[in-house]
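Q: Got a minute to walk me through this one? Start with whatever I need to read the numbers.
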Amino acid sequence: MRRQIQTGGASAGSSRALRLDPLSLPVRFDAHDVRADGGLRQIELHRERVILRRAIGGMRMAVNVRVSDFRGIGCRGLDDDSGDAARMLVLLHRDPSLSVPLFVSDDAEEIEIAWQSWSEIFGLPRLPDEKPREPAQRRRRHHVISKRRPRFLVRRRAGHLLAAPQSFAGEREIIARS
């Protein structure tokens with residue numbers, strides 16, 4: 001017998017918006033999506049696949065993604081105005097618009113237990129918190145190397161004419177006929 005799909009991802013009495021149980025899959029819940037109409041998308045989470053449903057510009061779509069296509073389970077910090085150190089577990093995909101939020105809490109021990117269980121359920125690695133990268137320094141425009149020939153042209157030799165072109169202007173033309 002198949003499990004029934006729940007509607008809603010918050011547990012009873014929870015002050016946080018998202019607390020999914022990895023042992024109660026499949027589950028259906030709504031998540032925040034900036035680009036979707038109404039600011040919400042519907043997510044169906046199964047052990048083998050994730051179905052994302054949203055409407056953009058009145059066009060409804062459903063994206064079916066295998067769980068094995070996701071990079072892993074990541075932990076991110078939430079920037080709340082309240083000042084608490086809330087963390088969120090996310091099923092990370094290479095395309096950020098396909099990433100799925102799984103769990104939100106301020107308790108570090110609770111996050112660690114949920115992180116381990118989600119990782120085991122999906123068979124995906126636990127990814128460390130990604131820190132924003134510093135942009136690379138700009139290259140100097142007036143560098144010594146910039147005056148040199150490009151690398152692919154260095155292999156070629158500059159051409160020199162072996163003999164100067166001969167000009168026979170003003171001479172009488174001789175044609176041999178047989």
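A: Sure: contact means heavy atoms within 4.5 Å. Among contacts in the protein chain between residues at least 6 apart in sequence, 37% link residues at least 24 apart.

Q: And where do the coordinates come from?
A: This is a predicted model, where local features need pLDDT of at least 70, side-chain atom pairs count only at pLDDT 80 or more, and totals for chains, interfaces and linings use all residues. Residues are numbered from 1 along each chain as its sequence is written, and side-chain values use heavy atoms, leaving out hydrogens and water.

Q: What's the secondary structure of the protein chain?
A: Two helices and nine strands, counted as DSSP runs (helices H or I, at least four residues; strands E, at least two) and numbered from the N terminus. In sequence order the pattern is β-β-β-β-β-β-β-β-α-β-α.

Q: Switching to α1, which of its residues are buried?
A: Ile 111, Ala 114, Trp 115, Trp 118, Ser 119 and Phe 122. Buried is under 20% relative accessible area, exposed over 50%, partly exposed in between (1.4 Å probe, protein chains only).

Q: Where do they sit around the axis?
A: On the same side of α1, because they cover an arc of only 135°, taken from the directions from the helix axis to the C-beta atoms.

Q: What covers them?
A: The cover includes β3 (40–45), β6 (72–77), β7 (87–92), β8 (100–105) and β9 (126–127).

Q: And which exposed residues are on the face turned away?
A: Glu 109, Ile 113 and Glu 120.

Q: What comes right after α1?
A: Gly 123, with a positive phi near 70°.
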